[in-house]
Amino acid sequence: MSRTLIGVTGLLACLALTACTTPAPAIIAPVEPAAKSPLILPVQRWLRWQEAVSTMSAEQLSTALEGTAEPSNPNQLFYYGLLRQQSDAYDSWVRARDIFRQLTANEDLSRGQRRLTALLERYNQSRINWYQSRDELRLQYEELEVKVANLQAHNQLLTQKIKAITDLEATISTRMEE
């Protein structure tokens, strides 16, 4: 038994010595976050432009469109597309859709920029589709109005004929009684 006791005591002594010789854990100081740089991602810049253009009045929009030269790079093209999109004219929506389609196909742009332009392309396409369907409905309505007017005129003519026939029958009936 004494051997066991000596072995256990020895083991405890070894463990105690090992614990004393183990280096203390390194103190991990909190890392100071790097100062945030005013780096603005291109897609964020584009979203800010979109927000600014969406709040423009009709006069501001007109002035901006008149003062904008033919776009020569993706940033200018995007801004020009935003201006066109904001307009109330069908042709401007078509031009905006085409610009955004062109930018979506541009492999030099970031993934976020291409996704944004794809979204704006779909938005303008839906506006174009809505306008076309509304225009078709307007044409159908105008055609139906013409048909209704023709049917009302035809109905009035039939009413006059029925009245004339009724008057003629009354005249004939009166003569036969005499």
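Colleague: Which residue does the side chain of R138 meet in a salt bridge with an N to O distance of 2.6 Å?
Modeller: This is a predicted model, and R138 is placed in its helix α6. The pair also registers as a polar contact between the two side chains, at 2.6 Å. The partner in the salt bridge is D135.

Colleague: How many residues apart are R138 and D135 in helix α6?
Modeller: Both residues belong to helix α6, and about one helical turn separates them. That spacing follows because they are apart in the sequence by three residues.

Colleague: With which residue does R138 form a salt bridge whose closest N and O atoms are 2.8 Å apart?
Modeller: This partner is also in helix α6, separated from R138 by about one helical turn because the two are four residues apart. The residue is E142.

Colleague: Which residues are joined into one network by salt bridges that share partners?
Modeller: R138 forms a salt bridge with E142 at 2.8 Å. The side chains of R138 and D135 meet in another, at 2.6 Å. Shared partners therefore make one network, given that a salt bridge needs nitrogen and oxygen within 4 Å. Its members are D135, R138 and E142.

Colleague: Is D135 buried, partly exposed or exposed?
Modeller: Buried means under 20% relative accessible area, and exposed means over 50%. R138 has 38% and E142 has 35%, and each is partly exposed. D135 has a relative accessibility of 22%, so it counts as partly exposed.

Colleague: Which residue does E70 meet in a salt bridge at 3.8 Å, N to O?
Modeller: Side chains of opposite charge can pair when their charged atoms come close. The structure holds six salt bridges. In the one at 3.8 Å, the side chain of E70 meets that of R95.

Colleague: How many residues apart are E70 and R95, and where is each of them?
Modeller: The salt bridge between E70 and R95 is 3.8 Å long, N to O. The pair links distant parts of the chain, with E70 in the loop between α3 (58–67) and α4 (74–86) and R95 in helix α5 (residues 90–104). The two are 25 residues apart.

Colleague: Does E70 count as buried or exposed?
Modeller: Its partner R95 is partly exposed, with a relative accessible area of 29%. For E70 the relative accessibility is 60%, and the cut-off for exposed is over 50%. E70 therefore counts as exposed.

Colleague: How many helices and how many strands are there in the protein?
Modeller: Along the sequence the pattern reads α-α-α-α-α-α. The protein accordingly has six helices and zero strands.

Colleague: What share of the 178 residues in the protein is buried?
Modeller: The accessible surface of the protein comes to about 14000 Å², and carbon and sulfur atoms hold 60% of that area. Buried residues make up 18%.

Colleague: Which element gives the largest share of the largest nonpolar core?
Modeller: Nonpolar side chains tend to be buried together in soluble globular proteins. The largest core here has 17 residues, and F78, L82, F100, L103, L116 and L120 touch the most other members. Two or more residues come from each of α2 (42–54), α3, α4, α5 and α6. The largest share, five residues, comes from α4.

Colleague: Which residues is L120 in contact with, leaving aside its neighbours within four places in sequence?
Modeller: L120 is among the core residues that touch the most other members. Its contacts outside that sequence window are F78, L82, Q85 and F100.

Colleague: Is T117 buried or exposed?
Modeller: T117 is found in helix α6. Not counting residues up to four places away in sequence, T117 touches W46, F78, F100, L103 and T104. Its relative accessible area is 0%, so T117 is buried.

Colleague: What share of the contacts between residues at least 6 apart in sequence joins residues at least 24 apart?
Modeller: Contact here means heavy atoms within 4.5 Å. Among the contacts in question, the share is 59%.

Colleague: Which residues form a nonpolar patch on the surface, with about 340 Å² of accessible area together?
Modeller: I172, one of them, lies in helix α6 (residues 111–177). I172 is partly exposed, with a relative accessible area of 43%, and patch residues need over 30%. The patch is formed by L168, I172 and M176.

Definitions and conventions:
Residues are numbered from 1 along each chain as its sequence is written. This is a predicted model: local features need pLDDT of at least 70, side-chain atom pairs count only at pLDDT 80 or more; totals for chains, interfaces and linings use all residues. Side-chain values use heavy atoms; hydrogens and water are left out. Patches are made of residues with over 30% relative accessible area and no salt bridge: like charges are joined within 9 Å, nonpolar side chains (Val, Leu, Ile, Met, Phe, Trp, Tyr) within 5 Å. Accessible areas come from the Shrake-Rupley method with a 1.4 Å probe; for residues, only the protein chains shown count as cover. Buried means under 20% relative accessible area, exposed over 50%, partly exposed in between (1.4 Å probe, protein chains only). A polar contact is a pair of N or O atoms within 3.5 Å; within protein, one must be able to donate a hydrogen and the other to accept it, and residues adjacent in sequence count only if both atoms are side-chain atoms. A nonpolar core is a set of buried Ala, Val, Leu, Ile, Met, Phe, Trp, Tyr and Cys residues joined through side-chain atoms within 4.5 Å.
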